[in-house]
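Colleague: Please take a close look at a single part of this model for me, and explain each term as you come to it. I would like to follow the path from one residue to the next.

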Amino acid sequence: MSTIRNICVYCGSGPGTDPRFAKAAHAFGALLAQNDIGLVYGGGSVGLMGAVAAATLASGGRVTGIIPEFLSNRERPFSGAQELIVTRDMHERKRIMFERSDAFVALPGGVGTLEELVEQLTWAQLGRHKKPILAANIGGFWDPLCALLDHMRALAFIRSGLSVSLLVADRVEDILPRLQEAARPIAEAEKLMEAGTAERL
């Protein structure tokens, strides 16, 4: 059985226009701390990234921020993180985020958030790991992506043997139960890529 000790959260470096997004980020950060689950995230102190990190820390939780050096001025590293890792580039950042996490959650965000979410879906689709991946569909934010995935299935671009398993939760309080249920049958070894695989992907 797989245990969720740390969750990687992908989310926007801006707050978005819907106040429900920041509210959800604060609520999820608090839930992580209350359940003794560490936050692994992009390391910034602005936007939804800053909101989820600040809420995790304020509730007594563990925060690991991972930020590439070239983004340090733009996203302003979160000084309260117990661990802040500055990487050489985006690729190293994503590899460490993967290695440090037992599951992935995408809150609302922009192109970077979408890219990180889809990359994890691709790695899982190709059998490189079995860590649960969830879209926090706050205010229906991820509805267009879910519709696109359905469209791909209907046209047989997502087909048997190459399924895409994206969990979806419309409410913050449903995120952890869905991840834990999905992780329960997974052996710890099945979450890991072979040595060196993440560097090559």
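Modeller: Contact means that heavy atoms lie within 4.5 Å of each other, and with that term we can begin at Leu162, which, leaving aside its neighbours within four places in sequence, is in contact with Gln125 and Leu126. Residues are numbered from 1 along each chain as its sequence is written, and side-chain values use heavy atoms, with hydrogens and water left out. Please keep in mind that this is a predicted model, in which local features need pLDDT of at least 70 and side-chain atom pairs count only at pLDDT 80 or more, while totals for chains, interfaces and linings use all residues.

Leu162 is found in the loop between α6 (143–154) and β7 (167–169), where helices (H or I, at least four residues) and strands (E, at least two) are DSSP runs numbered from the N terminus. The C-alpha atoms of Leu162 and Ala124 are separated by 9.2 Å, although these residues are 38 apart along the chain. Buried means under 20% relative accessible area, exposed means over 50%, and partly exposed is in between, using a 1.4 Å probe and protein chains only; Leu162 has 25%, so this residue is partly exposed.

From here we can turn to the aromatic rings. Rings of Phe, Tyr and Trp (its six-membered ring) pair if their centres lie within 6.5 Å, and planes under 30 degrees apart count as stacked, over 60 as edge-to-face and the rest as tilted. By this rule the model has five aromatic pairs. One of them joins Tyr10 and Phe104, whose centres are 6.1 Å apart and whose planes meet at 10°, so the pair is stacked. This pair links distant parts of the chain, since Tyr10 lies in strand β1 (residues 6–10) and Phe104 in strand β5 (residues 103–106), 94 residues apart, and both Tyr10 and Phe104 are buried.

Phe98 and Trp123 make an edge-to-face pair, because their ring centres are 5.5 Å apart and their planes are at 75°. Phe98 lies in helix α4 and Trp123 in helix α5 (residues 111–125), so this pair ties together parts that are 25 residues apart in sequence. Phe98 counts as buried because its relative accessibility is 3%, and Trp123 counts as buried at 6%. Tyr10, Phe98, Phe104 and Trp123 together form one aromatic cluster.

Phe98 also has a charged partner: the charged end of Lys131 sits over its ring, 3.8 Å from the centre, where the rule asks that NZ of Lys or CZ of Arg be within 6 Å of the ring centre and within 35 degrees of the ring normal. In helix α4 (residues 90–100), the buried residues are Glu92, Arg93, Lys94, Arg95, Ile96, Met97 and Phe98.

The last step is to see how the nonpolar residues group. A nonpolar core is a set of buried Ala, Val, Leu, Ile, Met, Phe, Trp, Tyr and Cys residues joined through side-chain atoms within 4.5 Å. The largest has 32 residues, of which Ile7, Val9, Phe28, Leu39, Val105, Ile175 and Leu179 touch the most other members. Phe98 and Trp123 belong instead to a second, separate core of 21 residues, which also includes Trp142 and Leu145.
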